[in-house]
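Trainee: I'd like to learn how to read a structure like this one, feature by feature. Can you walk me through it?

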Amino acid sequence: MAQNRRNTYKEDEYLEEPFNIRHLLRASSYIKRYAGKMSGALILSALGGIMALFAPMITQRMLDDAVPAGDLKMLAKLAALLILSYAFSILFITIRSKIMVNVSQDIIYDIRKDLFAHLQLLPFQYYDDRPHGKILIRVVNYVNSVSDMLSNGLINIVLETLNLIFIIIFMFIVNVRLSIVVLCGVPVLMIFMMWIKNKQRIAWQKVSNKNSNLNAYLQENIVGARITQIFAREDENALIFSDLSKSCRGTWMEAVRYSNLVWPGIDTISVLVRAAIFIYGLLVMKQGEISLGVIIAISGYAARFWQPIMNLGNTFNNFINNVAYLERIFETMDEPVTVADASDAVTMPPVKGEVVFENVSFSYEENKEVLHNVSFTVKQGESVALVGPTGAGKSTIVSLISRFYNIDSGRILIDGQDISKVTLHSLRSQMGIMLQDSFIFSGTIGDNIRYGNPNASDEAVLKASRTVCADYFIKLLPDGYDTQVNERGASLSQGQKQLISFARTLLSDPAILVLDEATSSIDVQTERALQTGLDRMLSGRTSFIIAHRLSTIRNCDRIMYIDEGGIVESGTHDELMQKKGAYYHLYTTQMEDIA
Amino acid sequence: MNTGNGRFPKGRIAWLWENMEGRHLLYIAAITGTVVYNIMQLTVPYFSQKIVDTFLSGEDAAYNLTYRKDYLIHLLVLMVSLTIARVVIVYLDCMAYEHVSQEALFRIRNILYDKIQRQDMHFYNIYRTGDLMTRVTGDLDAVRHMIAWVIRVIIESVSLIAATMTFFFYMNWRLALLLMITAPFIFVIIRLFRKRVAPMHASLREKFAGMNTVAQENIAGNRVVKAFAMEEREKERFDECNTDYRDTNKKTALTWLTFFPYMEGIADLLSVILILAGGLSLILWPDLMTMGEYVAFSGLIWALANPMRMLGNVMNEFQRFSAASAKVMEIYYSEPEIKDREGAYDAVDRLKGEIVFDNVSFKYADGKLPVLKNISMKIRSGETVAIMGETGCGKTSLIHLIPRFYEPTEGDIRIDGRSVKDYTLKSLRTNIGLATQDVLLYSDTIDGNIAYGDMDLTRKEVERYARYSAASSFISRMPDGYDTVVGERGVGLSGGQKQRISLARALAVKPAILILDDTTSAVDMETEKQIQHSLRELDFECTKIIIAQRISTTKSVDRIFIMKDGQIAEEGTHEELIAKNGYYAELVRLQTGEAV
């Protein structure tokens, strides 16, 4: 479900109320792939179980036949038989366990893979609307929790159910009335389980929510440690974290209060049933109506009857606990891919670089238009600067060219091709976008520059970084291009990070280049130096440049002044200066300031 | 990395015990409870046996059934009530384990969080976000599991085996002794298994953290991923970790399965011994053992075999705990290099804000070359200075030394005549307002973000600081105004808007020293002009250090420092530096596009 409000660590996520059977069907699709192996495991389990049944029979034979007869030979035979049955049992169980280790790990792998793949399809909006820690916990922690339930849990259910059916049949063969007494415990158990199930499910959903909040807070604060420290907020943050941690503890204790009831509950019902058999069999039924053997047999069956139920109860428990996680996982997988390839999407042919906006309107949130009927044409090879106040919609316009968002109305054409009709990959892989925040992945600097073009040669990397004047500082780092950096890249300055991501963009050899405040943290001199190299690379490529520093944009072929969701002015520097409009005003204030 | 015990001040178990502080008695009670209910479990079959013997199979069964019904009821009531008593104990016992484990988890988690948030930058360069998160979540859960489950199962197994063996020895010591011959084999298997599996668990934790890191960065960097259309590559990258983690998991689980047949064999051997030795003695030496004794042994043999069957699982969980606790303890016992020195001065009063750099040199721990070389400068209280220079010349490093994000390798920095090392970090940093280059906002309301440094700020004050940083106009245009929730890292806001909120945040703490690290680079000229204006008219006195690229920002400051290769190359007012005709004058020419 799409949320209108952004989620934070303070709020729980939306809960889908009644458990949806759809989730189970979904889960079964992961199991189906291993149906063969799992049936094999099931059969082996059954065989192993049958082998284990020999033991009491053998003991029986020994006591009844071998010992009274003093038959040593028979004793030896029985012992040999026992060893043999154990050997087979061990063999079957070992193979079964090996199969199941593989299956359960494969199932986690599959779910995680699909979840991650789906996340790659989700639009910016998805990531903008919730703390990243909440997404992360689903991919990593939740998936781990559900595997056992889907693999071994399922086998247990089948085996124990079969077991139960056999026991019930045998029981009825022995004595119908006493069997009914035994089965009287079942409705009681059902009511108990139904009652506890609802409590448990809600309780475990809360646990997952609180953990998710904690994870969100944790992740933000690891990333923002420097902010915490500069504001000396450690004590307050520790209190907030402690509160979140306390909610986790509270919900957990609430949940186990119910979960831990299941086993004692079954145990109590089982002993009551056993007592009922004795009372009914010995006191209620008339003498002679029932034989001694029957009571022993039924009481034996009754004991064995509750064992599978107890196991089923545990499986059920496990299931309820983890269903909360399963729901979250599938919810993420069901998150609509709003920006997706059209069903008849074609591959974008090699881009030449003409960009046309036709009456484009766009809003991030409903009824709040950011762009209104924007139309413009950028010729192949033209360089266009977008200027205007912050928040006017400049970044929005350039992000639409790569179709990071769907537009509300109008069309965006590249080389005459409507970009909503081509595959995202073929479109975006031809675009070079340098965003405002220059994210650095952990790895070497070389890896980061190669990000968009993993197979680029060392020479190409070197050339790109020389072009953007990053080479000189990279060479000074302890291991040069092999220096390890990480996400927060603390030992790189913001300007250096921008240069690296600049090199990264150039190396991907885009047909259309978008620089969104790409050089804001780079000093003017360095920018000047890289401009020359850049100009050479840009010649013939269409480019969009967003910058506030007018020295950066003055040389562009065209300048568009954006404000209030539309193009206010458009023209060359000289034209706009003559016009004495918004751009003129902007330019002269800047110059006045300096002079 | 060495995961041995010697690295930490305490062993793992002692460490666990320490973190159960305040719950020691409860935990001992829980362990006692486990012993009690396991012994009780052995007594329940006794009652059903007694009922069968007395009223069904015994010689006087018919008589008893007719005339001693009250005894039957008595036995039944005992059986039921003992079971219920046991069940209640089990429940309370489980809850006690949960309680203690949750308390310990709570305590350790809070300590870890606090350790992490107080670490210096060096630490953050080494540990990746995903790795740290794994330690606080997944690894810590293994620690919780140890307290809540593993120890309980160990106690359960030990008490069950001990009680049964005591009973066996009491009944028939010869047969009991014979069963004991399996014990040495069990120890050998456990030792071998442990040696094989321990490194696997350590590697499993690493793989898990690795996968977490890849996923974390993919989510945090989702814009870059999409911009480069690298989704396929990311999938491959994740697939590698995912596969690696899966395979290590399989390997670890399969390791037990190579030992499983032997362990299971030994568990089954108990029954074989029983049938062979029991049968032989019943046939050949009947006076050594009675039939009843044999039946009792055979009826209780599960109480020895089942715990043995659990051993593999328990050992695995124990090793998981060992590997995970090593990772947790690494953070638990970590100490930042930059911390309050003993007897540090806790500045209660607001500082005046005079800053002196005295021959300061600085080099990053992993760096080859010094970033700052012998910098000396004095910034007077209330002065506004600008620092300019090429990308990577050391501007940011210089100002990061003031709040002690790093320690200079040489020289000293003094504020109001006292070395920054002599202040408590808290009192030093509350006097400094820093708006960093890399704007980091929290997923919270705009109000919450601006009031980050002072949560008691009223809405009126928040609005005032937003006005100072020229943010109030765009904030008031947002759907929920100051209550608009901005996404993580302030997504949904433009770069300039984020910078303005970050500036308001820094102003809102009314610092004695305000440092703006290129804070207005993404702000348009007009807005910047407003900001410059309001910075001059703040409602509190402060020393201002402004790093900027734009001449318009730096033009009207008291003094300008030009840095080059970690040194101060030029110093003076706008006019003085233009007259000098050096770097600054060149900068002015470049930015105005004409000779001045």
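Mentor: Let's go through domains, the chain interface, the core and then the strands.

Mentor: One caveat before we start: this is a predicted model.

Trainee: Got it. Which domains does the assignment give for chain A?

Mentor: Domain 1 of chain A covers 23-121, and domain 2 of chain A covers 127-340. Their centres, taken over C-alpha atoms, are 23 Å apart. The contact between them draws on 23 residues of domain 1 of chain A and 22 residues of domain 2 of chain A.

Trainee: Which elements give two or more residues to the domain 1 side of that contact in chain A?

Mentor: Look at helix H1 (21-32), helix H2 (35-69) and helix H3 (72-121) of chain A. H3(A) gives the most, with 13 residues. Sorted by class, that side of domain 1 of chain A has 16 nonpolar, 4 polar and 3 charged residues.

Trainee: And how do I read the interface between the two chains?

Mentor: In general, the size of an interface is often given as the accessible area lost when the parts come together. Here we can go by residue contacts instead: 145 residues of chain B are in contact with 147 residues of chain A. On the chain B side, helix H10 (residues 231-284) of chain B has the largest share, 27 residues. By class, the chain B side has 66 nonpolar, 46 polar and 33 charged residues.

Trainee: Which residues touch the most other members of the largest nonpolar core?

Mentor: They are A:Ala503, A:Val514, B:Ile450 and B:Ala504, in a core of 333 residues. H3(A) turns up again, since it brings the largest share of this core, 19 residues. To get a feel for one of those residues, try A:Ala503: leaving aside neighbours within four places in sequence, it is in contact with A:Ile449, A:Ala464, A:Ser465, A:Val468 and A:Ala470.

Trainee: Let me try a single residue. Is A:Ala302 buried or exposed?

Mentor: Count neighbours: the cut-off for buried is 20 or more other C-beta atoms within 10 Å. A:Ala302 has 22 C-beta neighbours inside 10 Å, so it counts as buried. A:Ala302 belongs to helix H11 (residues 292-334) of chain A. Beyond residues up to four places away in sequence, A:Ala302 touches A:Val182, A:Val273, A:Arg274 and A:Ile277. For a sense of scale, A:Arg226 is 76 residues from A:Ala302 along the chain, and their C-alpha atoms are separated by 65 Å.

Trainee: Now strands. What does a hairpin look like here?

Mentor: As a general idea, side chains in a regular strand alternate between the two faces of the sheet. For the case in hand, take strand S1 (residues 355-365) and strand S2 (residues 368-378) of chain A, which run antiparallel and are joined by 7 bridges. A:Glu365 stands opposite A:Lys368 in S2(A). The hairpin has 2 residues between S1(A) and S2(A), and A:Asn367 in the turn has a positive phi of about 65°.

Trainee: Which strands stand at the edges of the open sheet in chain B?

Mentor: Read the order first: S6-S9-S10-S3-S11-S12 (chain B), 6 strands with mixed pairing. Strand S6 (432-435) and strand S12 (567-572) of chain B are at the edges; each has a single partner strand, so one side of each is left without a neighbour in the sheet. On average, neighbouring strands of this sheet are turned by 15° against each other, direction ignored.

Trainee: What joins S12(B) to strand S11 of chain B?

Mentor: There are 5 bridges between S12(B) and strand S11 (residues 559-564) of chain B, and the two run antiparallel. B:Met563 stands opposite B:Ile568 in S12(B). At the other edge, helix H18 (residues 495-507) of chain B lies across S6 and strand S9 (513-517) of chain B, running at about 175° to S6(B).

Terms used: Residues are numbered from 1 along each chain as its sequence is written. Chains are lettered from A and ligands numbered from 1 in the order in which they are written. This is a predicted model: local features need pLDDT of at least 70, side-chain atom pairs count only at pLDDT 80 or more; totals for chains, interfaces and linings use all residues. Domain bounds come from an automatic or database domain assignment. Two residues are in contact if their C-beta atoms, placed from the backbone, lie within 7 Å. Helices (H or I, at least four residues) and strands (E, at least two) are DSSP runs, numbered from the N terminus. Ala, Val, Leu, Ile, Met, Phe, Trp, Tyr, Cys and Pro count as nonpolar, Asp, Glu, Lys and Arg as charged, and the others, Gly among them, as polar. A nonpolar core is a set of buried Ala, Val, Leu, Ile, Met, Phe, Trp, Tyr and Cys residues joined through C-beta atoms within 7 Å. A residue is buried if 20 or more other C-beta atoms lie within 10 Å of its own, exposed if 12 or fewer, and partly exposed in between; C-beta atoms are placed from the backbone. Two strands pair if DSSP finds at least two bridges between them. Axes are lines fitted to C-alpha atoms, for helices over the stretch in contact, and angles run from 0 to 180 degrees between N-to-C directions.
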